[in-house]
Amino acid sequence: MGMQMRIGYHNHLLHHSASAAPAVSTSLRPFSSSSILFLFQKNLSGGSVIRTTKGRSSSSYRNYGIVASSNVGAPLWETWKPDKASSAPSLSDVLWPSAGAFAAMAILGRIDEMLTPKGVSMTIAPLGAVCAVLFATPTSPGARKYNMFTAQIGCAAIGVLAFSVLGPGWLARSFALAASIGFMIFTRSTHPPAASLPVLFIDAAKLHHLNYWYAFFPGAAGCILLCLIQVMVLYLKDNFKF
């Protein structure tokens, strides 16, 4: 008799906890097999545990859940505002990268004076963009040395090839830029400043005599100097803060 009462009371508790558990929202939408799925499975005590699966869902679960998607973007106007997660930069964080950029352009300008008799210039616009990447965002993918040198050499060579085959004009510029972006994506060496190298070569007549040497000079050669200056800038930022 006592055993029956205990079993009946236990079953009553289980039934009560299951019925008292909050209902799952009916607004959940089906997920695709490639999404990261958060599946909720009620336990005996009425609580819930989170199961995560990746890839094709198991047949033992219903194809409904909460989908974690990376393509859900913020409102359009949010991209016009500063990053809320970043704190205000200190004076030293502003001064040292700016000083590095000044030193880089000063050294390149001095080299230009020595190379003037040969009709060669080291100071080109893409190197200014490289300074911004190396000094202001040293941890970004574009500042990786593999990305920088692979993209600088590859995109410059593509510009020379496009000019040699198609000549000057909009078709050569369009083809060279498209091929450069495809090259950087394929080789996983995205470095935005390098995309301007082929357009610069096609439009700048003073660079045509370099031919395929343009793949190494002045872009890649200038990046070597900028990498040395970056080391100094990062050292000053880490050790002389104010």
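The paragraphs below walk through a predicted model of a protein chain, from its overall layout to a few single residues.

Taken as a whole, the protein chain contains seven helices and three strands, and when these elements are read along the sequence they follow the pattern α-β-β-β-α-α-α-α-α-α. The chain has 242 residues, of which 31% count as buried. Its accessible surface comes to about 15800 Å², and 67% of that surface belongs to carbon and sulfur atoms. A view of how the chain folds back on itself comes from its contacts: among those between residues at least 6 apart in sequence, 67% join residues at least 24 apart.

From the surface we can turn to the interior. The largest nonpolar core has 35 residues, and the members that touch the most other members are Leu127, Val130, Leu134, Phe135, Tyr214 and Leu226. The elements that each give two or more residues to this core are α2 (91–115), α3 (125–136), α4, α6 (197–203) and α7 (219–239). Leucine 226 offers a good place to look at the core in detail, for, once its neighbours within four places in sequence are left aside, this residue is in contact with Ala104, Leu127, Val130, Cys131, Leu134 and Phe135. There is also a second, separate core of five residues, among them Ile158, Ala162, Ala176 and Ile202.

Helix α4, which spans residues 145–166, also holds alanine 157. Is this alanine buried, partly exposed or exposed? Its relative accessible area is 24%, and because the buried class ends at 20% while the exposed class begins over 50%, alanine 157 is partly exposed. When residues up to four places away in sequence are not counted, alanine 157 touches Tyr212 and Ala215. The second of these partners, alanine 215, lies 58 residues apart from alanine 157 along the chain, and yet the C-alpha atoms of the two are separated by 5.0 Å.

The cysteines make a last stop. Cysteine 155 counts as buried, with a relative accessibility of 0%, and cysteine 223 is likewise buried, with a relative accessible area of 0%. How many disulfides does the structure hold? The number is zero. A disulfide is a covalent bond between the sulfur atoms of two cysteines. For cysteine 223, the nearest cysteine sulfur is that of cysteine 227, at 6.4 Å, and because a pair of cysteine sulfur atoms must lie within 2.5 Å to be counted as a disulfide, cysteine 223 is in no disulfide.

Definitions and conventions. Residues numbered from 1 in each chain as written. Predicted model: local features only at pLDDT ≥ 70, side-chain atom pairs only at ≥ 80, totals over all residues. Heavy atoms only, no water. Helix = DSSP H or I, 4+ residues; strand = E, 2+ residues; numbered from the N terminus. Buried < 20%, exposed > 50% of the residue type's maximum accessible area, 1.4 Å probe, protein only. Contact = heavy atoms within 4.5 Å. Core = buried A, V, L, I, M, F, W, Y, C linked by side-chain atoms within 4.5 Å. Areas by Shrake-Rupley, 256 points an atom, 1.4 Å probe, with all protein chains shown as cover.
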